[in-house]
Amino acid sequence: MSKVSSDLLQLLQERGFVHQCTDATGLGVALGAGPLTAYLGFDATADSLHVGHLGGLMLMRWLQRAGHRPLLLVGGATTRIGDPSFRDTSRPVLGDAAIAANIAGIKSAFTRYLGPDAQVVDNADWLDGLGYLDFLARVGRHFSVRRMLTYDAIRSRLEHSLSFLEFGYTLLQAHDFTELAHRHGCRLQVGGADQWANIINGVDLARRQGMPDLYGLTMPLLTTSDGRKMGKSADGAVWLNAQRLAPWDFWQFWRNVDDRDVGRFLALFTELPMDEVRRLAALRGAELNEAKIVLANEATCLAHGAPAAQAAARGAASVFGGENGSDSLPVHRIGEGRRLAGISLAELAVDSGLVASRGAARRLAAGGGLRLDGTAVADADTLLPQGAGAWLLSAGKRRHVRIELAAQESAAARP
């Protein structure tokens, strides 16, 4: 194993990316032999990736920086089935138009994290034209049902309901791996720990078909220290696309992570040197907020660019410094006519995306968490007051939106 490949694997281990590997020694040799093509797959179940997908994207960035070739697979075909791994129910069936729209949405994250030249493939290119009997002959005959029933991902679903369609998902993913090896010389598949059975099936299928050795590497399934699955927050999924979640809210997610997660997240979701990660993680008390701000800035810069990260940081400094006039906050505009007709804070909270429903706004107000210009509002059905052209509406301490009159109507309303 070359020193370069050894250093790379050590780096990935140190930063927290490595959970299991099918053959660490063999992978080290392959990494040291020259540029290696590695693939990471995503089913197109939504039009944006979320923070739970970031570990894989960051791992691919480190491989890319070391001179290896990232290959990103979107499951135009397998999305129609849904991976049953560790799920209690089947995924909803999506139509072709929805899948195409989702693929377009998640491709934007690939570009941001891996550059415009990152290669993206769709498994519909080979699975859509594959006949059932041909698939059974080429792939199915190599797998034992008895062995498949020992996989935790399968056994957990047998307690609920597992269709024959979903049962075959792992065979399709195994075929994807060998197909990518044939088409693109791909030798490595990476994924979350829940993909271990799917990955080793691809490695095993290649061996049974007399192909060169393939390798698999999984990352730990990430949860926050309070037990929540990474990618989720109290307000829902933490999306990577700005159309789904404003950069301000993305920045706030990282700024407000649990103290216990700061060091781990700095290692995984930034490219800071590990010496700096350790320094920041060692801070205590109020000084740890410095590390959280660094984490928020670095993570937002990767996801949305430096200007968006800087704007979010300025907005946070303005809000928490007591200034309500920052242009860096998310803005929701309303017409003067609507204000004069009367609009409640509950309506504004829903329309601006602060909360999901008026009921949620009322519960937030009852608990003292709904604020207008920094003052708690006990009744969410209170109307937006007259006599101003901009307001700061807040949901708790973390989420804020600037309410403004639409430009033309605001100008027309001035004396």
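**Strand 9 and its partner**

I started at Val-331, which stands opposite Arg-402 in strand 13. This is a predicted model, so I read every position here as a prediction. I then looked up how the two strands run. Strand 9 and strand 13 (residues 399–405) pair in the parallel sense, over 4 bridges.

Next I checked which way the side chains of strand 9 (residues 331–334) point. They alternate. His-332 and Ile-334 face one side and are buried. Val-331 and Arg-333 face the other side and are not buried.

I stayed with His-332, which is found in strand 9. Its relative accessibility is 16%, and the cut-off for buried is under 20%, so His-332 counts as buried. What does His-332 contact, leaving aside its neighbours within four places in sequence? I noted Leu-348, Asp-351 and Ser-352. I also noted Val-401, Arg-402, Ile-403 and Glu-404. Arg-402 therefore turns up twice in my notes: it is a contact of His-332, and it stands opposite Val-331.

**Arg-61**

I moved on to Arg-61, in helix 3. Is Arg-61 buried or exposed? Arg-61 is buried, at a relative accessible area of 15%. Not counting residues up to four places away in sequence, Arg-61 touches Arg-112, Tyr-113, Leu-114, Glu-271 and Leu-302. I also looked up the spacing to Gly-115. Arg-61 and Gly-115 are 54 residues apart in sequence. In space they are 9.5 Å apart, C-alpha to C-alpha.

**Salt bridges**

I counted salt bridges next. The structure holds 23. Side chains of opposite charge can pair when their charged atoms come close. I looked up three pairs and one network.

Pair one is Glu-14 with Arg-278, at 2.8 Å from N to O. Glu-14 lies in helix 1 (residues 3–15) and Arg-278 in helix 14 (residues 274–281), so this pair ties together parts 264 residues apart in sequence. Glu-14 is partly exposed, with a relative accessible area of 39%. Arg-278 counts as partly exposed too, at 42% relative accessibility.

Pair two is Arg-244 with Asp-47, again a salt bridge of 2.8 Å, N to O. Where do these two residues lie? Arg-244 is in the loop between strand 8 (236–237) and helix 12 (247–255). Asp-47 is in the loop between strand 2 (37–42) and helix 3 (54–65). The pair therefore ties together parts that are 197 residues apart in sequence. Arg-244 is partly exposed, with a relative accessible area of 39%. Asp-47 counts as partly exposed at 30% relative accessibility.

Pair three is Arg-80 with Asp-128, whose closest N and O atoms are 3.1 Å apart. Arg-80 sits in the loop between strand 3 (69–74) and helix 4 (96–114). Asp-128 sits in the loop between helix 5 (124–127) and helix 6 (132–138). So this pair ties together parts that are 48 residues apart in sequence. Arg-80 is partly exposed, at a relative accessible area of 32%. Asp-128 counts as partly exposed at 46% relative accessibility.

I closed this entry with the network. Asp-134, Arg-138, Glu-179 and Arg-183 are linked by salt bridges.

**Helix 10**

I then turned to helix 10 (residues 169–184), which has 16 residues. From its first C-alpha to its last it reaches 22 Å. That is close to the 22 Å expected at 1.5 Å a residue. Why is helix 10 largely enclosed by the rest of the structure? I found that 13 of its 16 residues are buried, so the surroundings cover most of it. Just after helix 10, Gly-185 takes a positive phi of about 65 degrees.

**The whole protein**

Last, I pulled the totals. The protein has 20 helices and 13 strands. Buried residues make up 50% of its 415 residues. Of the contacts with a separation of 6 or more, 74% come from residues 24 or more positions apart. The accessible surface comes to about 19000 Å². Carbon and sulfur atoms account for 52% of that surface.

I also checked confidence. The average pLDDT is 86, and 88% of the residues score at least 70. Where does pLDDT stay under 50? It does so over residues 408–415, for which the model has 5 contacts beyond four places in sequence. Where pLDDT is low, the predicted coordinates should not be read in detail.

How values were computed:
Residues are numbered from 1 along each chain as its sequence is written. This is a predicted model: local features need pLDDT of at least 70, side-chain atom pairs count only at pLDDT 80 or more; totals for chains, interfaces and linings use all residues. Side-chain values use heavy atoms; hydrogens and water are left out. The expected span of a helix is 1.5 Å times one less than its number of residues. Buried means under 20% relative accessible area, exposed over 50%, partly exposed in between (1.4 Å probe, protein chains only). Contact means heavy atoms within 4.5 Å. Accessible areas come from the Shrake-Rupley method with a 1.4 Å probe; for residues, only the protein chains shown count as cover. pLDDT is the predictor's confidence in each residue, from 0 to 100. A salt bridge is a side-chain nitrogen of Lys or Arg within 4 Å of a carboxyl oxygen of Asp or Glu. Two strands pair if DSSP finds at least two bridges between them.
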